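Here are a few notes from going through this one. Have a look at it first, then see whether you read it the way I do.

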Number of protein chains: 2
Amino acid sequence: MARESKIALDRPDMRAHVLKAALLAIEEVGFARLRIRDIADRAGMSTGHVLYYFGSRDRILVSTLLMSEADLDERRRAELAHLDAHAALDRLVELYLPKGPHDVRWRLWAQVIARPPEDEETLLRLDGFFRSWAAELAAIVRRLSDLGAEAAEDFAVRHCRLMDGLSNEVLLGIPGHDAAWAKKAVLASMRRELG
Amino acid sequence: MARESKIALDRPDMRAHVLKAALLAIEEVGFARLRIRDIADRAGMSTGHVLYYFGSRDRILVSTLLMSEADLDERRRAELAHLDAHAALDRLVELYLPKGPHDVRWRLWAQVIARPPEDEETLLRLDGFFRSWAAELAAIVRRLSDLGAEAAEDFAVRHCRLMDGLSNEVLLGIPGHDAAWAKKAVLASMRRELG
DNA sequence: ACAGAGTTAGAACCGTACTCAAAGTTTGAG
DNA sequence: CTCAAACTTTGAGTACGGTTCTAACTCTGT
């Protein structure tokens, strides 16, 4: 609708306010029990109002993921900029992987994959985050090895997908497969290729 | 409860009947709109009855995944047994990856990852399927290369997780990232390592 | 035939996503 | 300053689906 885009442009601050409330709500009540009411309460408004801005529960969650991911994107850049290549690699892996089975950012990803958005624009934004992570990783790898641009890119994409797969197991809570296990596995794979 | 385990033992056929109905229902009405009613209709019973056997919607879905995965496990063994190593590798990748964004088996996985089961027994069974795929892949790889048992196992696990990650993108429906793209990416990675 | 356990159906219940109409607030033109 | 139009906000209302409950039914063993 025209309404939607107008609002998005006019009141980005309001949307951000709701999305922060959503993050807080997820942390506090957990994903399984999350109601729109929980978000509305924390944002200091009514459930109808939250729906007025976002249209549906799923849209709120997708938007929350987009914000959370954009946020991390910035933090990542800022933090990795002044680390040497080895430390940067280690830190990137740490930032990428879930902290545990209840990691909010990853729970959001899981949710969105289980009920994917229909509109292409959102899908492209999600893809953008995939690419951003891969690009950052590729840059670090080039500092660590004599790989060419193409090979580094390939390495980066493969390892991002590897981390996605490992994250699934962490999210499931498979016994023994926790965050530390995942990190170790990724770094081992990277080292074995980089020599 | 005692009730639950008793039923599971006494009436495995009834459970299987419902689960097959669930698969059918998912195919027909899609995941987003799936109601217990849709499953009950197809199984020729009431919603109350379905819940009597499974206790909750989530349990039905987890059980459906377990059955579907066990089924594929068998089919895979049977089919790969009489293929040469190259063909077997190709076919395993094809069987593992989603056929498209609506692949029922993978939608079930996505659902289960988004709302993981609590009980350890189920988690271990899920882990069992991970291991089974990896073992099968490792065996094929050993036929194709001179890798040792340990290296082949490592190769297999890494590539299973890689396929999981690629599957996420297929499920999301990221433009350009379809089933064929995923297959190509996996095989490229495998070839590059196996030489 | 009967008791009692196990099974089945479907109505009732309850919680939650979503709608809607009306009231409140801001904005900007005259 | 006034007023109307657009936008915002609310909360009650609706619809719907998961879950629970109860009462009827079936089957088995005696």
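1. For the comparison of copies, the superposition is by least squares on the C-alpha atoms of residues with pLDDT of at least 70 in both. Keep in mind that this is a predicted model. On that basis, a turn of 180° with a shift of 0.0 Å along the axis lays chain A on chain B, at an RMSD of 0.1 Å. The two copies are thus related as by a two-fold rotation axis.

2. Which surface does each copy use? Of the interface residues of chain A, 100% are also interface residues in chain B, so the copies meet through the same surface.

3. Now, inside one chain. Chain A splits into domain 1 (1-55) and domain 2 (71-194). The contact between them draws on four residues from domain 1 of chain A and four residues from domain 2 of chain A. Taken over C-alpha atoms, the domain centres in chain A are 27 Å apart.

4. How much area is buried between domain 1 and domain 2 of chain A? About 380 Å², and carbon and sulfur atoms give 91% of that area. On the domain 1 side, Leu23(A), Ile26(A) and Phe31(A) supply 88% of what domain 1 of chain A buries against domain 2 of chain A, more than any other three residues. The residues on that side divide into three nonpolar, no polar and one charged.

5. As for polar links, the count of salt bridges between domain 1 and domain 2 of chain A is zero. Residue pairs in polar contact between these two domains, with both residues at pLDDT 80 or more, also number zero.

Notes
Residues are numbered from 1 along each chain as its sequence is written. Chains are lettered from A and ligands numbered from 1 in the order in which they are written. This is a predicted model: local features need pLDDT of at least 70, side-chain atom pairs count only at pLDDT 80 or more; totals for chains, interfaces and linings use all residues. Side-chain values use heavy atoms; hydrogens and water are left out. Domain bounds come from an automatic or database domain assignment. Contact means heavy atoms within 4.5 Å. Buried area is the accessible area (1.4 Å probe) that two parts lose on being put together, summed over both. A salt bridge is a side-chain nitrogen of Lys or Arg within 4 Å of a carboxyl oxygen of Asp or Glu. A polar contact is a pair of N or O atoms within 3.5 Å; within protein, one must be able to donate a hydrogen and the other to accept it, and residues adjacent in sequence count only if both atoms are side-chain atoms. Ala, Val, Leu, Ile, Met, Phe, Trp, Tyr, Cys and Pro count as nonpolar, Asp, Glu, Lys and Arg as charged, and the others, Gly among them, as polar.
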